[in-house]
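Student: I would like to look closely at one part of this protein, but I want to see how that part sits in the whole before going into detail. Could you take me through it slowly?

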Amino acid sequence: MSIKNVVLVGADGKLGPSILQGLVAEGFKVTVFKRAGSKSPSDYPSSVSVVRIKDEFPVDELTKALQGQDAIVVTTAGSQVEVQKRLAEAGANAGVKRFIPADFGSCDSSMDKVQELVPLYIQKSEIRDYLTNLANKNDKFSWTSIVPGHFFDWSLEFLHLWIKEKRGDILDDGETKFSIATLAQVARATAAVLKKPNETINKIVYVQSFCINQNELVKAVEKATDSKWTWTHLKSDDFEREKKPLADKGDHEAIEDLVWYLGTLYSNWESKDNFAMDLLGLKNEDLNEAMKKAVAQETA
């Protein structure tokens with residue numbers, strides 16, 4: 001299996017720009033699908049094509065637009081289940097070989113605890129089931145989910161690190177290891193999956209930039225800011241009990257808090273069977289360098 005032509009859906013989101021840059025850098029011919037009503041600028045590299053699709057993303061229009069494409073990468077919100085299903089159906093109809101769903105993120109959506117606390121991950125699991133069934137019916141169609149852990153440099157505040165106030169939260173003793181990845185590393189992983197389609201067919205692969213604990217995060221951010229911070233230690237059981245009822249009522253901040261909690265305590269990928277760093281030719285990054293860049297980015 002060889003993949004050259006790639007459609008990217010969600011090029012203007014929090015992850016999309018890094019994925020686009022990574023795919024272009026690795027020599028893929030990229031086409032961005034955008035809704036006809038999208039107001040976002042299309043200031044992409046000159047090699048990138050743009051195709052406008054009706055806002056509803058109808059399967060017949062998608063099928064026509066996907067002719068000649070080898071892969072689809074989706075970086076929209078994982079909650080857009082029906083859009084992803086229509087893209088996958090159209091991709092299978094058009095002869096697309098690989099589908100990478102919007103399964104990127106902090107947690108392993110196949111875990112029962114993750115699905116229990118944050119129903120979004122039930123939707124991500126639903127998409128994988130749909131893709132599996134589609135692949136079983138069409139042996140030319142396949143999928144790969146890429147799970148990187150927290151996005152390290154998307155928002156330090158999401159990691160419960162508040163730069164301006166120089167304060168942060170630590171769960172329990174801060175010693176639990178968790179995998180976390182920079183946006184650039186997620187992009188490298190995506191390109192690597194598409195370059196090794198046979199080795200990554202119909203499976204979840206786990207990647208990271210580093211596997212650390214919160215105490216290591218403390219040292220890195222204090223070093224990057226050249227200052228001592230104030231740290232609040234939280235008991236994880238109490239935190240879960242406090243946030244779950246609020247999240248169930250739709251409190252967005254509480255939902256994000258639970259994602260942070262799960263991604264910090266239940267996301268060590270190094271013990272996973274499909275931990276794919278070696279397979280994909282990826283190397284761990286330097287925590288202090290990554291933190292220095294993240295702090296600079298947020299204080300610019």
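Student: What radius of gyration would a compact globule with 300 residues have, and what value does the chain have? After that, please turn to strand E1: how many of its five residues are buried, and how many bridges join E1 to strand E2?

Tutor: Before anything else, please keep in mind that this is a predicted model, and that everything below describes that model. A compact globule with 300 residues would have a radius of gyration near 19 Å, and because the chain has 19 Å, its value agrees with that expectation. Along the principal axes, the C-alpha atoms fill a box of roughly 55 × 40 × 40 Å. The secondary structure comes to 11 helices and 13 strands, and buried residues account for 54% of the 300 residues. If you take the contacts between residues at least 6 apart in sequence, 76% of them join residues at least 24 apart.

Now to the strand you asked about. E1 covers residues 5-9, and because four of its five residues are buried, it is largely enclosed by the rest of the structure. Five bridges join E1 to strand E2, residues 29-35, and the two strands run parallel. To find this pairing on the model, start at Asn-5, whose bridge partner in E2 is Lys-29. The path from one strand to the other includes helix H1, residues 16-25, and E1, H1 and E2 together make a right-handed β-α-β unit.

E1 is also joined to strand E4, residues 71-74, by four bridges, and here too the strands run parallel. In this pairing Val-6 stands opposite Ala-71 of E4. As you follow the residues along such a strand, remember one general point: in a regular strand the side chains alternate between the two faces of the sheet.

Asp-70 helps to show what surrounds this part, for it lies in the loop between helix H2 (59-65) and E4. Its relative accessible area is 11%, and because the limit for a buried residue is under 20%, Asp-70 counts as buried. Leaving aside neighbours within four places in sequence, its contacts include Asn-5 as well as Ser-2, Ile-3 and Lys-4. Val-96, Lys-97 and Arg-98 are also among the contacts of Asp-70.

One of those contacts, Val-96, can lead your eye to another part of the chain, since the C-alpha atoms of Val-96 and Leu-258 are separated by 36 Å, with their positions 162 residues apart along the chain. Leu-258 has its place in helix H9, residues 252-265, and at 0% relative accessibility it counts as buried. Not counting residues up to four places away in sequence, Leu-258 touches Leu-117, Val-118, Glu-240, Lys-243, Lys-244 and Ala-247.

For contrast with the strands around E1, consider an open sheet of three strands, which has the order E7-E10-E12 and mixed pairing. E7 (150-151) and E12 (210-212) stand at the edges with a single partner strand each, so one side of each is left without a neighbour in the sheet. Between E7 and E10, residues 178-181, the pairing is parallel and runs over two bridges, with Phe-151 opposite Ala-181 of E10.

Finally, a few rings are worth finding. When ring centres must lie within 6.5 Å to pair, the count comes to eight aromatic pairs. One of them joins Trp-154 and Phe-158, with 5.5 Å from centre to centre and 55° between the planes, which makes the pair tilted. Trp-154 is partly exposed at 30% relative accessibility, whereas Phe-158 is buried at 10%. The pair of Tyr-261 and Tyr-266 has its ring centres 6.1 Å apart and its planes at 70°, so it is edge-to-face. Tyr-261 is buried, with a relative accessible area of 1%, while Tyr-266 is partly exposed at 31%. These two tyrosines form one aromatic cluster with Phe-239 and Trp-260. Charged groups also sit over rings: Arg-35 lies over the face of Phe-57, at 5.0 Å from the ring centre, and the charged end of Arg-167 sits over the ring of Trp-162, 4.2 Å from its centre.

Methods:
Residues numbered from 1 in each chain as written. Predicted model: local features only at pLDDT ≥ 70, side-chain atom pairs only at ≥ 80, totals over all residues. Heavy atoms only, no water. Phe/Tyr/Trp six-rings, centres within 6.5 Å; stacked < 30°, edge-to-face > 60°. Buried < 20%, exposed > 50% of the residue type's maximum accessible area, 1.4 Å probe, protein only. Lys NZ or Arg CZ within 6 Å of the ring centre and 35° of its normal. Pairing = 2+ DSSP bridges. Right-handed = clockwise from strand over helix to strand, strands pointing away. Contact = heavy atoms within 4.5 Å. Rg over C-alpha atoms; globule rule 2.2 N^0.38 Å.
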